[in-house]
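Colleague: I should like to learn how to read burial and contacts in a protein model. Could we work through an example together?

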Amino acid sequence: MVTSGLVVVGVDGSASSLAAVDVAAREARLREANLRVVHAFVWPATHVPLGAWPLGPPDGGIRNMVEHVVGEAVERARKAAPQVDVSHVVVTGEPLTVLEAQSRAAELVVVGSRGMGGFVGLLVGSTAVHLAAHGRCPVLVVREQPVAEGPIVLGVDGSPAGERAVDFAFEEAAFRGTGLVALHAWTTWNATLPPPQDPSLPYANQPGALAAEEERLLSEALAGHRERYPEVAVEHQVVHGGTREALIEAGRSAQLTVVGARGRGGFAGLLLGSVSQALLHHAHGPVAVVRGADAHH
């Protein structure tokens, strides 16, 4: 995976975005990368006054509020990772557009699951979902309070689009010095059919043949990575059941759950699959969504 030496974190003053700052600072430290704190400044487009109100305190007004939000985030990042070079930028524009542009120069973008604009009861913000679909680099969405221990959980479906998620998960496990749980879930509806064992019966297979084929698919998807990352202990899990439910449950004790943006069951042209969307909404911890090769087109 090509690295640029830059981690970007989006901030808006919400508790969710401050939690994202902590995670982004750690990621920058582990990657020996710089950290850029980014705030999307939407107010100029509304043509409201940005300075302090004439009858209000001199430190009031929208522009001063933004400076406070960004300053607090920068201070928090420097405290969390003193050795990291932290910069900041305020960009006029809508958050998704601003962060998508920032992702073009970054190796990782980190955002909170919900921002200041979230509706009460909404589990994940629209910016996080849309950025996971459109970002040009992996997007890490911080949900709940990340756990310090535990493995990296990787959802594997064997599709070409998921290869970069495998790369990212192994790299992340190596950075963090932790193990990797590679999980592949299947049902009789999405299983890869092995060749028939009796040519006269095109659909005849021994009991357990489907499970064995799915085991082979998982092993092939991980081939080569164990040699490149010998320090990463890998546990294979092949689950007969729903992918979304299996990954959400496995992620309960994980530092991070990693998935591709789309799997082999996705519709052509769909940027974000049902599994990645379900994890963004319901996972118990941070989720990294890694798009395939099309992310750089």
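Modeller: The discussion below goes from the whole chain to one residue and then to one helix. Please note that this is a predicted model.

Colleague: How many helices and strands are there in the protein chain?

Modeller: The protein chain holds nine helices and 10 strands. Of its 297 residues, 45% are buried. The accessible surface is about 14,700 Å², and carbon and sulfur atoms account for 57% of it.

Colleague: Among contacts between residues at least 6 apart in sequence, what share joins residues at least 24 apart?

Modeller: That share is 77% in the protein chain.

Colleague: Is Val-109 buried or exposed, and why?

Modeller: The criterion is relative accessibility: a residue counts as buried when the value is under 20%. Val-109 is buried because its relative accessibility is 0%. This residue belongs to strand S4, which spans residues 108-112.

Colleague: Which residues does Val-109 touch, leaving aside those up to four places away in sequence?

Modeller: Val-109 touches Val-8, Ser-103, Leu-131, Cys-137, Pro-138, Val-139 and Leu-140. For Leu-131, the sequence separation from Val-109 is 22 residues, and the C-alpha to C-alpha distance is 9.1 Å.

Colleague: Ser-103 is in that list. Which residues of helix H3 are buried?

Modeller: In H3, residues 95-103, the buried ones are Leu-96, Val-98, Leu-99, Glu-100, Gln-102 and Ser-103. Their cover includes strands S1 (6-10), S2 (34-41), S3 (86-92) and S4, together with helix H4 (126-134).

Colleague: Which residue caps the N-terminal end of H3?

Modeller: Glu-94 does, with a side-chain oxygen 3.1 Å from the backbone nitrogen of Leu-96.

Methods:
Residues are numbered from 1 along each chain as its sequence is written. This is a predicted model: local features need pLDDT of at least 70, side-chain atom pairs count only at pLDDT 80 or more; totals for chains, interfaces and linings use all residues. Side-chain values use heavy atoms; hydrogens and water are left out. Helices (H or I, at least four residues) and strands (E, at least two) are DSSP runs, numbered from the N terminus. Buried means under 20% relative accessible area, exposed over 50%, partly exposed in between (1.4 Å probe, protein chains only). Contact means heavy atoms within 4.5 Å. Accessible areas come from the Shrake-Rupley method with a 1.4 Å probe; for residues, only the protein chains shown count as cover. A polar contact is a pair of N or O atoms within 3.5 Å; within protein, one must be able to donate a hydrogen and the other to accept it, and residues adjacent in sequence count only if both atoms are side-chain atoms.
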